[in-house]
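Biologist: I'm new to this structure, so please take me slowly through one part of it. Start with a single helix pair, then follow the connections outward and explain each term as it comes up.

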Amino acid sequence: MEKFYIEGGRPISGTVTPSGNKNEALPVLAATLLTDEPVTLKNVPRIADIEVMIQLLASLGVDITEHDRNTITFHAKDLRGGQLDPKLCALIRASILLAGPVLARMGEVVLAPPGGDVIGRRRLDTHFQALSALGTTLDLGKDFILKSPASGLKGAEIFLDEQSVTATENAIMAAVLARGTTVLENSACEPHVQGLCRLLVSMGASIEGIGTHRLRITGVDKLHGATYRISSDYLEVGSFLGLAAVTGGALTINDVNVRDMRMIRLVFRKLGIEYEYTDDNTLYLPPNQNLEIRPEILGAIPQISDAPWPQFPTDLMAIAIVTATQCKGTCIFFEKMYDGRLFFVDPLVSMGAQVILCDPHRVVVVGPSKLYGTELRSPDVRAGMAMVIAALVAEGKSEINNIRQIDRGYEAIERKLQALGATIERRPE
């Protein structure tokens, strides 16, 4: 086990390029199972969750060739078995994403319940609702045993009971090789869902309505190989924006998809943070931001809420909360999607933050607060990064334990931060 040693109080400045989007890379890796031809993926983030997914693919017989650290070819020519390693499944939530493509290619899959972040109740019902509508028979005991009929999966009209990202992705991957047409309504449309669809179209899939909550998928007999570049991670962009703003630094971020940042920009403006675009994909955050929370019309205390895309992403709530501790004024944060995500604020209070946990879904932040270094523990990917930000703005030294959680979502984060002037070291616990 390893930990981060951090000394705070220095501005984070310079130029940084975000890694590939973790939430796009995971389903895209799963989608390489849908063809017996090679699929080359570029800008693959080499993070802990991706390494586990690569091991799962290898265990199914996928031939994997690394051209460089972030460019990998996957060749699923001769798949073996549909039994997934339960120990690997328990390490990541994304193991559930293999259900759809393995079913479509092999007709049967056996997988253990997935692992991942402990951030409250995380349903799997929507996955099984969608796969069942396509003809899958389910045996949901200790392991999940899923089988398609002898004639294969068949297209259907499906209305999802929630806009689940991973359930939408599973349904898409199963439907692209199903007989007939599938209409998927109330589907998720996050940028990473769109990225998966773009890859599949480049492989020969027929998908209409990309970027909307209604997808029309016409099944094809076979998909072919492709080369695809994974988009940059807008969640990492948001994390660096918050960090630079609260430490007073100037930051240039390359390879930014402007469309992915629209709601994020509106939320950061509520916190008194402004940035500009110097070209089509380069973002510049000036130093010494105002950091004053803007009241709503008639002086009401502003509220920042998360919701499915295109609303503010739940994965940036922890980042926004830490950022707000350094802003003048009061703000309410309403975490609608997970009932355990906000419990990370207790360590912030121990550092000196004025944060009131009203209930599992709401906190009130009053700032600015002077933070002081302490010993911390990362509970999940995003809260872990939020604690890194808090430690870098705090006075004194901090230790962050359980940093594997941070490594699951951020590639070589300490090296990126060191290049920006941060005092951070990775050491054994």
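Modeller: Let's start where helix α1 meets helix α7: their crossing is right-handed. That word means the near helix is turned clockwise from the far one by less than a right angle, while anticlockwise would be left-handed. Before going on, keep in mind that this is a predicted model: local features need pLDDT of at least 70, side-chain atom pairs count only at pLDDT 80 or more, and totals for chains, interfaces and linings use all residues. Residues are numbered from 1 along each chain as its sequence is written, and side-chain values use heavy atoms, with hydrogens and water left out.

Back to the pair. α7 covers residues 191-202, and its axis lies 8 Å from that of α1 at an angle of about 30 degrees. (Axes are lines fitted to C-alpha atoms, for helices over the stretch in contact, and angles run from 0 to 180 degrees between N-to-C directions.) The two helices are therefore roughly parallel to each other; that label is for angles under 35 degrees, with over 145 called roughly antiparallel, 65 to 115 roughly perpendicular and the rest oblique. From α1, the residues in contact are N23, E24, P27, V28 and A31, and from α7 they are P191, H192, G195, L196, R198, L199 and L200. Contact here means heavy atoms within 4.5 Å. Sorted by class, this contact holds seven nonpolar, three polar and two charged residues. Nonpolar covers Ala, Val, Leu, Ile, Met, Phe, Trp, Tyr, Cys and Pro, charged covers Asp, Glu, Lys and Arg, and the others, Gly among them, are polar.

A word on the element names: helices (H or I, at least four residues) and strands (E, at least two) are DSSP runs, numbered from the N terminus.

Now for a sheet that α1 touches. Its four strands run in the order β4-β5-β3-β13, forming an open sheet with mixed pairing. At its edges stand β4 (63-68) and β13 (226-229), each with a single partner strand, so one side of each has no neighbour in the sheet. On average, neighbouring strands are turned by 20 degrees against each other, direction ignored. Five bridges link β4 to β5 (residues 71-75) in the antiparallel sense; two strands pair if DSSP finds at least two bridges between them. One pair to look for is D68 with its bridge partner T71 in β5. Against this sheet packs α1 (residues 22-31), touching β3 (39-42), β5 and β13, and its direction makes about 170 degrees with that of β13.

Stay with β5 for a moment. Two residues separate it from β4 in a hairpin. β5 also runs antiparallel to β3, joined by three bridges, and here V39 has F74 of β5 as its bridge partner. Four of the five residues of β5 are buried, so this strand is largely enclosed by the rest of the structure. Buried means under 20% relative accessible area, exposed means over 50%, and partly exposed is in between (1.4 Å probe, protein chains only).

Another enclosed element is helix α10 (residues 317-324): eight of its eight residues are buried, so the rest of the structure largely surrounds it.

Next, a second sheet. This one is also open, with four strands in the order β9-β10-β12-β11 and mixed pairing. β9 (157-159) and β11 (206-208) are the edge strands, each with a single partner, so each has one side without a neighbour in the sheet. Here the average turn between neighbouring strands is 15 degrees, direction ignored. β9 pairs with β10 (residues 181-185) in the parallel sense over three bridges, and E157 sits opposite V183 of β10.

Finally, another helix pair. The axes of α8 (residues 234-247) and α12 (residues 381-393) come within 9 Å and cross at roughly 20 degrees. That makes α8 roughly parallel to α12, and the crossing is right-handed. α8 contributes L235, S239, L243, V246 and T247 to the contact, while α12 brings R382, M385, I389, L392 and V393. Seven of these contact residues are nonpolar, two are polar and one is charged.
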